[in-house]
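I opened a new structure today and wanted to note how its parts fit together. These are my entries, in the order I looked things up.

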Amino acid sequence: MDPERRIEKLQQRLNLNDSQTAQVRQIFTESHAQMVTIRSNASLAPEDRRAQMMSLHQGEEARIRAVLTPDQQAKFDTMQAKMRERRADEGGQGAPVPPPPSGSPQQ
């Protein structure tokens with residue numbers, strides 16, 4: 001999701017003030033640029049790329065939490081937990097990797 005759309009969602013759900021919005025915008029802009037750099041780095045192995053993206057995302061979450069009030073932090077944490085659950089349910093991040101189909105050739 002692009003940074004502006006993410007900001008709009010947080011503004012709606014967390015009722016960010018102007019200062020918080022500006023700080024979150026800066027965090028998302030910086031993170032987005034770093035993600036583009038990581039994705040375009042062809043020298044990274046896929047697992048290294050994923051590890052760097054996960055680390056970047058965790059740092060982004062921590063930086064956003066630091067901008068929020070305690071009530072907003074609680075709502076943000078709930079939002080993040082629900083998102084992780086959805087990803088796991090959809091077979092994404094956090095879900096176990098399925099075994100290869102039976103009968104596939106072994107190398």
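Entry 1, helix α2. I looked up helix α2, which covers residues 18–40, in this predicted model. I counted 23 residues in α2. From its first C-alpha to its last, α2 reaches 33 Å, close to the 33 Å expected at 1.5 Å a residue.

I then asked which residues of α2 are buried. I listed Q20, T21, V24, I27, F28, S31, M35 and I38. I noted the general rule that an α-helix has 3.6 residues a turn, so residues three or four places apart point the same way. What covers the buried residues of α2? I found that the cover includes α1, α3 (46–67) and α4.

Entry 2, S19. I picked S19, which is also found in helix α2. Is S19 buried, exposed or partly exposed? Its relative accessibility is 45%, and because buried means under 20% and exposed over 50%, I put S19 down as partly exposed. I also looked up S19 together with V67. In sequence they are 48 residues apart, while in space their C-alpha atoms are 9.0 Å apart.

Entry 3, H57. I moved on to H57, which lies in helix α3. The relative accessibility of H57 is 19%, so I count H57 as buried, the cut-off being under 20%. Which residues does H57 touch, not counting those up to four places away in sequence? I wrote down Q80 and M83.

Entry 4, α1 and α4. I looked up how helix α1 (residues 3–14) packs with helix α4 (residues 70–89). The angle is about 125°, and the axes are 10 Å apart. I therefore call α1 and α4 oblique to each other. Their crossing is right-handed. On the α1 side, I found that the contact is made by L10, R13 and L14. On the α4 side, Q72, K75, F76 and M79 take part. I sorted the residues of this contact into four nonpolar, one polar and two charged.

Entry 5, the whole chain. How many helices and strands does the protein chain have? I noted four helices and zero strands. From the N terminus on, the elements run α-α-α-α. The protein chain has 107 residues, of which 24% count as buried. Last, I looked up contacts with a separation of 6 or more. Residues 24 or more positions apart account for 49% of those contacts in the protein chain.

How values were computed: Residues numbered from 1 in each chain as written. Predicted model: local features only at pLDDT ≥ 70, side-chain atom pairs only at ≥ 80, totals over all residues. Heavy atoms only, no water. Axes fitted to C-alpha atoms, helices over the stretch in contact; angles between N-to-C directions. Parallel < 35°, antiparallel > 145°, perpendicular 65-115°, else oblique. Left-handed = near helix turned anticlockwise from the far one by under 90°. Contact = heavy atoms within 4.5 Å. Nonpolar A, V, L, I, M, F, W, Y, C, P; charged D, E, K, R; others polar. Expected span 1.5 Å × (residues − 1). Buried < 20%, exposed > 50% of the residue type's maximum accessible area, 1.4 Å probe, protein only.
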